Each structure stands twice: as C-alpha cells, then as structure tokens.
Amino acid sequence: MALSLLVVSISFYLKEYISPDSDLYATLSLVSVAGVVVMVIAFSLGLGAMPWIIMSKILPISIKGLAGSFATLANWFFSWLVTLTANLLLDWSSGGTFTIYTAACVFTAGFVAIWVPETKGKTLEEIQQFFR
C-alpha cells in the first residue's frame, strides 16, 4: 500500500512541473489511477481485514462484545475522518495528500510489526499472556 501511494504522490508532484498538453502528463495521470487501484487491492487483501482479525483472535470472550463494538466504532470513525478530510487535503496539495497517506501506511506497518502478536498456532490463553 505504501509503495503504491508513494508512486501516486510522486506522479502528482511531477505533474506540477509538466505541461498538461504533453504525453508525459497523460501517462502520469494513468500511473496515478493505477497506483490508487493497486492500493485499494492491497488494502482489501491486507490491512482492510486487520481490525476484524485482531478482534476475533486476541479479545477474551468475557469482553469480546463490548471491545468489539468499541473497535468497530473506532474503525468506522477513522474511515469517516479520512473521507471527510480527503477533499480538503486534495485542494491543498494532491502530492502532499498522498504523501501523508504514505506516511500513515508506513507507520501502520511498523505498528503492526512491533505490537500485533503472531497468533498462528497459539491458544487464546497464550495470546492473552503476551499482553500481561
């Protein structure tokens, strides 16, 4: 996701310095669209499912309902926040917007790599022990 968003942001930065009548401008437009499509596919295959997988794997049964509701609320709130601010950011700078999104993806990948435990082949008790 981060690589595809980086490609989109670079193409938007380059478009600022190229004449709209040139062939390179049209090519960069296609590169931008392709980058967004790749990002959507990567999100759907990876990070998009992350909140639901984490909820099902690491939450103890005694709080799964309440914590799952809170996690769902947080997930939809941040989706709404991104949707709300996207047009404002794009009016400010298209390249800057996708650079911010790239940084968010890199931060998220680091967070997941450091703080989200591997659950494959572990019982719920072993996973809960990780958090103590």
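Modeller: Hi! One definition before we start: the accessible areas I'll quote come from the Shrake-Rupley method with a 1.4 Å probe. Also, this is a predicted model.

Biologist: Good to know. What does the accessible surface of the protein come to?

Modeller: About 9200 Å², and carbon and sulfur atoms account for 74% of that.

Biologist: And how many of the residues count as buried?

Modeller: Of the 132 residues, 20% do.

Biologist: OK, on to the fold. How many helices and strands does the protein have?

Modeller: There are six helices and zero strands. Reading from the N terminus, the order is simply α-α-α-α-α-α.

Biologist: Is the whole thing compact or spread out?

Modeller: The protein is more spread out than a compact globule, because its radius of gyration is 19 Å, whereas the globule rule gives 14 Å for 132 residues. The C-alpha trace spans about 60 × 30 × 20 Å along the principal axes.

Biologist: What about contacts between residues at least 6 apart in sequence, how many join residues at least 24 apart?

Modeller: That share is 61% in this protein.

Biologist: Switching to charges: how far apart are the mean positions of the positive and negative ones?

Modeller: They are 19 Å apart, with 6 positive and 7 negative charges going into the two means.

Biologist: Now the inside. Which residues make up the largest nonpolar core?

Modeller: Seven residues: Leu5, Val8, Met39, Ala86, Phe98, Tyr101 and Cys105. Helices α1 (2-15) and α5 (94-115) each supply at least two of them.

Biologist: Which helix gives the most to this core?

Modeller: Helix α5 does, with three residues. As background, nonpolar side chains tend to be buried together in soluble globular proteins.

Biologist: Let's stay with Cys105, then. Why does Cys105 count as buried?

Modeller: Its relative accessible area is 13%, and the cut-off for buried is under 20%. Cys105 is found in helix α5. Leaving out residues up to four places away in sequence, Cys105 touches Met1, Ala2 and Leu5.

Biologist: And how far is Cys105 from Ser93?

Modeller: Their C-alpha atoms are separated by 18 Å, with the two residues twelve apart along the chain.

Biologist: What does Thr102 contact, beyond its neighbours within four places in sequence?

Modeller: Thr102, which also lies in helix α5, is in contact with Ala2, Leu5, Leu6 and Ser9. With a relative accessible area of 10%, Thr102 is buried.

Biologist: How about Gly96, buried or exposed?

Modeller: Gly96 is buried, at 5% relative accessible area. It's another residue of helix α5.

Biologist: How far apart are the C-alpha atoms of Gly96 and Ser62?

Modeller: For that pair the separation is 44 Å, and Gly96 and Ser62 are 34 residues apart along the chain.

Biologist: Last one: where is Ala42?

Modeller: Ala42 is in helix α2, which covers residues 23-45. Ala42 is partly exposed, with a relative accessible area of 26%.

Biologist: And what does Ala42 touch, not counting residues up to four places away in sequence?

Modeller: Met1 and Leu47. Ala42 and Met1 are 41 residues apart along the chain, and yet their C-alpha atoms are separated by 5.7 Å.

Biologist: Great, thanks for the tour!

Methods. Residues are numbered from 1 along each chain as its sequence is written. This is a predicted model: local features need pLDDT of at least 70, side-chain atom pairs count only at pLDDT 80 or more; totals for chains, interfaces and linings use all residues. Side-chain values use heavy atoms; hydrogens and water are left out. Helices (H or I, at least four residues) and strands (E, at least two) are DSSP runs, numbered from the N terminus. The radius of gyration is taken over C-alpha atoms; the globule rule is 2.2 Å times the number of residues to the power 0.38. Buried means under 20% relative accessible area, exposed over 50%, partly exposed in between (1.4 Å probe, protein chains only). Contact means heavy atoms within 4.5 Å. Lys and Arg count as positive and Asp and Glu as negative; His and the chain ends are not counted. The place of a charge is taken as NZ of Lys, CZ of Arg, CG of Asp or CD of Glu. A nonpolar core is a set of buried Ala, Val, Leu, Ile, Met, Phe, Trp, Tyr and Cys residues joined through side-chain atoms within 4.5 Å.
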